[in-house]
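Visitor: Could you take me through one part of this model up close, namely the charged side chains and how they pair up? I'd like the walk-through in one go, please.

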Amino acid sequence: MSGMGDGYVGTAQDAVRIRRLEKQREAERRKIQELKTKSASDKGQPGLLQFGSGTSEILETAFKKETIGLVTREQYVEKRVNIRNKFEEEEKEKLQKLQQEEEELQLQKRKKRKIRGSSRLSFTDDIENGSEEDDGDDAETQETKGLGRGKFGKDPTVETSFLPDSEREAEEEAERERLRKQWLREQEQIRNEPLEITYSYWDGTGHRRVIQARKGDKIGDFLRAVQQQLAPEFREIRTTSVENLLYVKEDLIIPHQHSFYELIVNKARGKSGPLFHFDVHEDVRTIADATIEKDESHAGKVVERHWYEKNKHIFPASRWEIYDPTKKWERYTIHGD
């Protein structure tokens with residue numbers, strides 16, 4: 001390639017543009033050389049527009065060359081009219097030629113803009129490179145480019161999902177918002193579902209009861225309902241406050257701020273069983289299998305805080321500890337009540 005050595009590291013598109021510019025410069029040099037040759041051959045002819053000369057000066061110079069010696073008045077007038085007509089015809093031809101060159105230049109510029117705009121497509125490089133290689137036949141090349149431009153469009157096989165698309169992003173955002181609201185409605189329905197809880201009021205011996213609550217209720221709300229249920233029967237429950245009641249499930253003391261919903265959706269586990277089952281059932285199997293973990297649910301205990309502080313060193317209170325959501329119990333340890 002002319003103008004480029006072995007060390008050239010540009011892209012294929014850069015090489016195409018360089019070849020195009022070199023051809024344009026060569027055409028301009030040939031045109032200038034032709035104009036110089038024509039100017040030198042016609043330098044002495046009258047009627048030619050010389051650089052820096054006015055129209056009247058050129059006409060006067062040409063007339064003097066034609067009227068050397070004695071001429072009659074009719075010859076004088078005739079030659080002057082002929083020279084003026086010849087000069088006007090030459091000026092008209094030059095003007096037409098300049099207009100034609102200007103139109104050709106504008107046409108070339110429009111073609112270049114179309115080619116440059118079409119080259120933004122990912123698959124036009126091959127077409128442009130192929131047309132540059134066949135540049136020897138200009139007419140055929142222009143026809144090929146014209147046909148190629150007529151077929152340019154979006155390639156359906158090109159992956160465009162990674163490109164920014166405001167319409168698609170708006171649709172995705174609307175869909176995410178719809179799903180979020182749907183999920184919130186479903187969770188609210190779950191929180192409002194009824195939950196039957198089997199518990200045992202523990203004062204050293206068990207007093208089993210059943211009470212209705214909602215899955216969205218907090219432990220504090222549950223203990224308030226328990227207090228109202230047990231108050232007629234147990235004097236110490238009537239005289240204490242809800243803050244002094246503890247709920248112990250699977251050997252873990254559940255703080256008042258946690259809800260049954262949290263325990264259920266998180267599939268929380270205690271030391272001796274699941275925290276998301278609030279009924280009572282035993283794991284009854286016809287064949288004992290030590291490799292499979294037992295699935296038993298025990299009644300939660302409701303305990304008065306004063307009793308717990310007094311007996312926390314004695315079984316079963318000695319096994320109890322505060323529930324920590326971050327602590328995981330991999331296997332259950334079962335002990336009799």
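Guide: Let's start in helix H1 (residues 12-41), where Asp 14 and Arg 17 sit 3 residues apart, so about one helical turn separates them. Bear in mind that this is a predicted model. The side chains of that pair meet in a salt bridge, with 2.4 Å from N to O. Neither partner is tucked away: Asp 14 is partly exposed with a relative accessible area of 27%, and Arg 17 is partly exposed too, at 40%.

Now move along H1 to Glu 26, which has two partners to talk about. The first is Arg 29: these two form a salt bridge whose closest N and O atoms are 2.5 Å apart. Again the spacing is 3 residues within helix H1, or about one turn. The second is Arg 30, also joined to Glu 26 by a salt bridge, this time with 3.9 Å between the closest N and O atoms. That one still counts because the cut-off for a salt bridge is 4 Å. Here the partners are 4 residues apart in H1, so once more about one helical turn lies between them.

Put those two contacts together and you get a network of salt bridges linking Glu 26, Arg 29 and Arg 30. How buried or exposed are its members? Glu 26 has a relative accessible area of 33%, which makes it partly exposed. Arg 29 comes out at 48% and Arg 30 at 46%, and both of those values fall in the partly exposed range because exposed would need over 50%.

As for the whole model, the count comes to 18 salt bridges, and the ones in H1 that we've just walked through, such as Asp 14 with Arg 17, are among them.

For contrast, have a look at charges that are not paired this way. Glu 101, Glu 102, Glu 103 and Glu 104 form a negative surface patch. Why can they belong to a patch? Because patch residues must have over 30% relative accessible area and no salt bridge. Glu 102 fits on accessibility, being partly exposed at 41%, and its place is in helix H3 (residues 73-118). So when you switch from H1 to this stretch, you go from Glu 26, held in a network with Arg 29 and Arg 30, to a run of glutamates that make up a negative patch.

Conventions:
Residues numbered from 1 in each chain as written. Predicted model: local features only at pLDDT ≥ 70, side-chain atom pairs only at ≥ 80, totals over all residues. Heavy atoms only, no water. Patch = residues over 30% accessible without salt bridge, like charges linked within 9 Å, V, L, I, M, F, W, Y side chains within 5 Å. Areas by Shrake-Rupley, 256 points an atom, 1.4 Å probe, with all protein chains shown as cover. Lys, Arg positive; Asp, Glu negative; His and termini not counted. Charge placed at Lys NZ, Arg CZ, Asp CG, Glu CD. Helix = DSSP H or I, 4+ residues; strand = E, 2+ residues; numbered from the N terminus. Buried < 20%, exposed > 50% of the residue type's maximum accessible area, 1.4 Å probe, protein only.
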